[in-house]
Each structure stands twice: as C-alpha cells, then as structure tokens.
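Here's a quick walk through one protein model, written for someone who likes to know the cut-offs. Have the viewer open as you read.

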Amino acid sequence: MRDCEVVGNGGWGIDGDGRTFDVEYTRIKATQGPAAILGNVRNLLYCDISGFEDGVKFQGDDIVARGNFLHNPSAVGADPHNDGFEFF
C-alpha cells in the first residue's frame, strides 16, 4: 500500500492479520479503533497515524519502521493504555 489515505470507523485501520505487506507514505486516521494496522508489515515508511488506541500491532519479524508520525491516540476506558508499536 503506497500513497493512500485510510479512514477508520471503529475497527482496524488496515486488517492484514496473517498477511505480509508494506505500507508507505500513507495517512491512517480514525476517531477510535483498536489499532491503525494489524499484520506482518515488512516496511512501515513515512506514515501519519492518528486516532487509534494503538498505532501498529506487528506480527512477524524483520521489520523496518522509519520516519513515521504516530499522534493523538484515542483514549478508551477510565485508565487508557496506548502503545505506539506492539510486536507479537
């Protein structure tokens, strides 16, 4: 995925569970949702990610994340806990 805009509606921004893919120069935004990206992202390059509880839930290894802007996470619950990047 390259040079795209993804607008979330309460679910995952990009649900790539179990798939391998790249995301480059993409804006991913929402007012709420579990995470902007779920999946085996190999390259996450120069993306603007906002409005999700968590930024990216990476699956797999050999990941390159460079030049990304993660900001304004959504606050869920009385005591929210936000992660920029999570690795599984």
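Let's start with Gly 77, which is exposed at a relative accessible area of 61%. For the labels used here, exposed means over 50% relative accessible area, buried means under 20%, and partly exposed is in between, with a 1.4 Å probe and protein chains only. Gly 77 sits in the loop between β8 and β9 (85-87). Its C-alpha atom is separated by 25 Å from that of Val 6, and the two residues are 71 apart along the chain. Strands, by the way, are DSSP runs of E with at least two residues, numbered from the N terminus.

Some ground rules before going on. This is a predicted model, so to speak of local features pLDDT must be at least 70, while side-chain atom pairs count only at pLDDT 80 or more, and totals for chains, interfaces and linings use all residues. Residues are numbered from 1 along each chain as its sequence is written, and side-chain values use heavy atoms, with hydrogens and water left out.

**Salt bridges**

How many salt bridges does the structure hold? There are six, where a salt bridge is a side-chain nitrogen of Lys or Arg within 4 Å of a carboxyl oxygen of Asp or Glu. Side chains of opposite charge can pair when their charged atoms come close. Here are some of the pairs:

| Pair | Closest N to O |
|---|---|
| Arg 2 and Glu 24 | 2.3 Å |
| Glu 5 and Arg 27 | 3.5 Å |
| Lys 57 and Asp 54 | 3.1 Å |

The Arg 2 and Glu 24 pair links distant parts of the chain: Arg 2 is in the segment before β1 (5-7), Glu 24 is in strand β2, and they are 22 residues apart. Arg 2 is partly exposed at 47% relative accessible area, whereas Glu 24 is buried at 16%. Salt bridges that share partners also bring in Asp 3, joining Arg 2, Asp 3 and Glu 24 into one network.

Glu 24 belongs to strand β2 (residues 14-24). Setting aside neighbours within four places in sequence, Glu 24 is in contact (heavy atoms within 4.5 Å) with Met 1, Arg 2, Asp 3, Asn 43, Leu 45 and Cys 47.

What about the other pairs? Glu 5 is in strand β1 and Arg 27 in strand β3 (residues 27-29), so their salt bridge ties together parts 22 residues apart in sequence. Glu 5 is partly exposed at 49%, and Arg 27 is partly exposed at 38%. Lys 57 and Asp 54, on the other hand, are both buried.

**Core and surface patch**

A nonpolar core is a set of buried Ala, Val, Leu, Ile, Met, Phe, Trp, Tyr and Cys residues joined through side-chain atoms within 4.5 Å. The largest one has 15 residues, and Ile 14, Val 23, Ile 28, Ile 37, Leu 44 and Ile 49 touch the most other members. Two or more residues come from each of β2, β4 (35-45) and β6 (54-58), with β4 giving the most, four residues. Beyond its neighbours within four places in sequence, Ile 14 has contacts that include Val 6, Phe 21, Val 23, Ile 28 and Ile 37.

On the surface, Leu 70, Phe 85 and Phe 87 form a nonpolar patch with about 270 Å² of accessible area together. Such patches take residues with over 30% relative accessible area and no salt bridge, with nonpolar side chains (Val, Leu, Ile, Met, Phe, Trp, Tyr) joined within 5 Å; the areas come from the Shrake-Rupley method with a 1.4 Å probe. Leu 70 lies in strand β8 (residues 69-71) and is partly exposed at 32%.

Methods:
Patch = residues over 30% accessible without salt bridge, like charges linked within 9 Å, V, L, I, M, F, W, Y side chains within 5 Å.
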